[in-house]
Amino acid sequence: MFETKNENTWCPGCPNFMIEAAVKKVLENLTKSNYKKEDFAMVTDIGCNSKIYDYLDISGFYGLHGRAIPTAFGVKVGNPKLQVLCFSGDGGAFSEGLSHFIHACRSNINMTLLVHNNQVFSLTTGQATATTEKGFVERTHPFGVQEKALNPVVLALEAGASFVSRVSALDPKQLIFVIGEAIKHSGFSFVEIIQPCKVYHDCSTFVRENSYQIKPMLFVKAVEEARKWDYAQAGKIPFGIFFKERRKTFEENYLVRG
Ligand SMILES: Cc1ncc(C[n+]2csc(CCOP(=O)(O)OP(=O)(O)O)c2C)c(N)n1
Ligand code: SF4
């Protein structure tokens, strides 16, 4: 139902395939309940992640690097009835477009942001982003990244996102569950997908062997939990929904007036 005939150019074994399959499954499930195919729209950024635009048969807009979030915001404001999915990489969302991420969280606009976080700019061959771990060596950082990695889960919580989650691209069951919950959530939902890049940042083994599951918790606990992993290839990664609450959305605050 959501298949396209376009040639897929992801590397063999890229976990982006798992994300694509999960998103299609979620949309199929939703169309069996209250949603129609025409209710969904996507805006993608630029990068390996954003090639999903070619593989997912829903209306959409292929955006500019770092600018998918404000474009998706505009699509939602233009037609608030749409369920807008916004796809980005960590380079687009947390390096080039970071301010958009913060303001979308603050606004609580009812849309879903899915960030394929592979901790590098993959399409341009693996340069460090804001979520690359300290010490990571690549051509633009021959002596290793010196900055502390940004933690977008903590940032989303502090900035006011009303649904904040992290999932592993290697866990199809959890992907389907959390993405489904995120889309059904009324308000800004953020799904950080840890997506090991097979070529430039292959942390698959670390992610598989060092994770644990969490359930939604109170705000202060959620921030505490989110701080437990600092994006290094060490420690244990919490996966699941950190926090969700029903709060007035951007649309309810500004667009629906009697
Ligand atoms: C404004 C702008 N800056 C830079 C680029 C070059 N560029 C294209 S893809 C890309 C990397 C994308 O990395 P990320 O957003 O992390 O996505 P990934 O490829 O890892 O999925 C860059 C820097 C661009 N196309 N436009
Ligand atoms: S470069 Fe990395 S993220 Fe891009 S398609 Fe290949 S494995 Fe996937």
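Helix H4 (residues 90-96) supplies the largest share of the shell around ligand 1, namely four residues. This is a predicted model. The points below cover the surroundings of two ligands, an open sheet of eight strands, and the helices that lie on or beside this sheet.

**Ligand 1**
- Around ligand 1 there are 20 residues, of which Gly47, His65, Gly89, Gly91 and Ser122 come nearest.
- Sorted by class, this shell holds twelve polar, five nonpolar and three charged residues.

**Ligand 2**
- Ligand 2 is surrounded by Trp10, Cys11, Cys14, Asn16, Cys48, Asn118, Ser122, Cys197, Lys198, Val199 and Tyr200.
- Seven residues of the ligand 2 shell are nonpolar, three are polar and one is charged.
- Ser122 is listed around ligand 2, and Ser122 is also among the residues that come nearest to ligand 1.

**The sheet**
- The eight strands follow the order S2-S1-S3-S4-S8-S7-S10-S9, and their pairing is mixed.
- Strand S2 (59-62) and strand S9 (211-214) form the edges, each pairing on one side only.
- From one strand to the next, the twist averages 20°.
- Within the sheet, strand S4 (residues 112-117) pairs with strand S8 (residues 189-194) in the parallel sense, over six bridges.
- Asn117 has Ile194 in S8 as its bridge partner.

**Helices across the sheet**
- H3 lies across strand S1 (40-44), S2, strand S3 (83-89) and S4, and runs at about 175° to S3.
- Helix H7 (residues 172-184) lies across S3, S4, strand S7 (163-168), S8 and strand S10 (237-244), and runs at about 160° to S7.

**Helix H5 and its contact with H3**
- Two packed helices are described by the angle between their axes and the distance between the axes.
- For helix H3 (residues 68-78) and helix H5 (residues 98-107), the axes come within 8 Å and cross at roughly 35°.
- The contact brings Ile69, Pro70 and Phe73 of H3 against His100, Phe101 and Ala104 of H5.
- Five residues in this contact are nonpolar, one is polar and none is charged.
- In H5, the buried residues are His100, Phe101, Ala104, Cys105 and Ser107.
- These buried residues line one face of H5, because they fall within an arc of 165° when seen down the helix axis.
- The partners that the buried residues of H5 pack against are H3, H4, S4, helix H6 (152-159), S8 and helix H10 (250-255).
- Asn108, just after H5, takes a positive phi of about 55°.

Key: Residues numbered from 1 in each chain as written. Chains lettered and ligands numbered in written order. Predicted model: local features only at pLDDT ≥ 70, side-chain atom pairs only at ≥ 80, totals over all residues. Near = placed C-beta within 6 Å. Nonpolar A, V, L, I, M, F, W, Y, C, P; charged D, E, K, R; others polar. Axes fitted to C-alpha atoms, helices over the stretch in contact; angles between N-to-C directions. Contact = placed C-beta atoms within 7 Å. Pairing = 2+ DSSP bridges. Buried ≥ 20, exposed ≤ 12 C-beta atoms within 10 Å, placed from the backbone. Arc of directions from axis to C-beta.
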